[in-house]
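Please read the following explanation with the sequence and the coordinates side by side. It goes from a local feature to a whole chain and ends at a single side chain.

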Amino acid sequence: MQKYKILTILIFFFLIIPLGLLTNYEAWGEWDLSFFKEHLGYIPEGIENYHHIFNSLLPDYTFLPNNPIFSYYISAIIGVLTIFSIFYLIRQINK
Amino acid sequence: MHIPDGYLSPATYITSYIVSAPLLFYGFKKLKEKLNDKTFPLISTLTALSFLIMMINIPIPGGTSGHAIGTAVLSILFDPWIAYISISLVLFIQAVIFGDGGITAWAVNSLAMGFVASWTAFIMYRFLKNLNKTLALFVAGWSSLVASSFVIALILGIQPYIAHSPDGKPLFFPFDLKITIPAVVGTHALYFGVIEGVFTILTIKFREKINAIKVVKNAKV
């Protein structure tokens, strides 16, 4: 089990991820369409046409608007399990 | 720093996919070689850790926010190719499942936060580790994020020059390099890079501590 001790740090960061919800500030350059309308007066054609070209399954990690913390935790679990599964599959192919 | 869909002109993202293809192919081959029962726990845990820290958005003065990426840790503990592929996988999951970063922009995001960040961390660490290990870890983390933000700023900032309508209106990302460089590189050098540096030190020192305990335990037996 020794080699799994590193999981402690993963659990620590898992527990504190709701801290990421404390800010309403958007990352610079990750704006939605309304930002351009507001700041430029128009939405550049390409951005308007292609911004929503792909619909992700659980947009923005907060698919339950009433319970952002819960959806953040569920998103984290889904992400972490997907990552472990993919590495596990690659390892199985290798064997 | 995750560029969304619609911000990049087709000329940009098609080129980025063409450039990425051989790098991803080679990197994946390296990952397959390195991934075994012994390395699996650490590689997958550190990759999952990268996914989690990217969820922790940290606000900074000026009304924006950002986060660390965790590429440097993987690059230093394994090698830059492993880090590049692992982070690209994280970015892929973020884009497909959570809409964080675009599908068309995935290759640019992966080149910046994966490829460039991992090689910068690797080279800086190699260069400085004999001088002072803690300093080397910090600089590796800091510089990896700053270099990666530079690539993002550059790719975003050239869009108004390469894609505009006949009357000069930008078709894709509208702000040029004079704006993107200070906004993206400046904030990463001052804030998020520092967080990446500290995260790199803490994670690698923590891992060394676990290993030290293991050595002592084995010695007792």
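In this predicted model, helix H2 of chain A is followed by Gly41(A), a residue whose phi is positive, near 90 degrees. The helix that precedes this glycine spans residues 33–40, and its buried residues are Leu33(A), Phe35(A) and Phe36(A). These residues lie on the same side of H2(A), because the arc that they cover around the axis is only 155 degrees. On the other side of H2(A) one finds Lys37(A) and Glu38(A), both of which are exposed. As for what covers the buried residues of H2(A), helix H3 of chain A, residues 45–50, is included in that cover.

Before turning to chain B, it is worth considering the confidence of the prediction. The predictor assigns the complex an ipTM of 0.94 together with a pTM of 0.95. For chain B the mean pLDDT is 95, and 99% of the residues of this chain reach 70 or more. Where pLDDT is low, predicted coordinates should not be read in detail.

Chain B contains eight helices and two strands, and along the sequence these elements of chain B follow the pattern α-α-β-β-α-α-α-α-α-α. Its C-alpha atoms fill a box of roughly 75 × 35 × 30 Å when the principal axes are used. The radius of gyration of chain B is 18 Å, which agrees with the value near 17 Å that a compact globule of 221 residues would have. Of the 221 residues in chain B, 59% are buried. Among the contacts in chain B with a separation of 6 or more, 74% are accounted for by residues 24 or more positions apart. The area that chain B exposes is about 8,700 Å², and carbon and sulfur atoms supply 72% of it.

The last step returns to chain A. Ser56(A) lies in the loop between H3 and helix H4 of chain A, the latter being residues 68–94. Is Ser56(A) buried or exposed? Its relative accessible area is 14%, and because buried means under 20%, Ser56(A) counts as buried. Once its neighbours within four places in sequence are left aside, Ser56(A) is in contact with Ala95(B), Val96(B), Ile97(B), Phe98(B) and Gly99(B). With one of these residues, Gly99(B), there is also a polar contact, in which the side chain of Ser56(A) reaches the backbone nitrogen of Gly99(B) at 3.2 Å.

Key:
Residues are numbered from 1 along each chain as its sequence is written. Chains are lettered from A and ligands numbered from 1 in the order in which they are written. This is a predicted model: local features need pLDDT of at least 70, side-chain atom pairs count only at pLDDT 80 or more; totals for chains, interfaces and linings use all residues. Side-chain values use heavy atoms; hydrogens and water are left out. Buried means under 20% relative accessible area, exposed over 50%, partly exposed in between (1.4 Å probe, protein chains only). Helices (H or I, at least four residues) and strands (E, at least two) are DSSP runs, numbered from the N terminus. The arc is that of the directions from the helix axis to the C-beta atoms. Contact means heavy atoms within 4.5 Å. pLDDT is the predictor's confidence in each residue, from 0 to 100. The radius of gyration is taken over C-alpha atoms; the globule rule is 2.2 Å times the number of residues to the power 0.38. Accessible areas come from the Shrake-Rupley method with a 1.4 Å probe; for residues, only the protein chains shown count as cover. A polar contact is a pair of N or O atoms within 3.5 Å; within protein, one must be able to donate a hydrogen and the other to accept it, and residues adjacent in sequence count only if both atoms are side-chain atoms.
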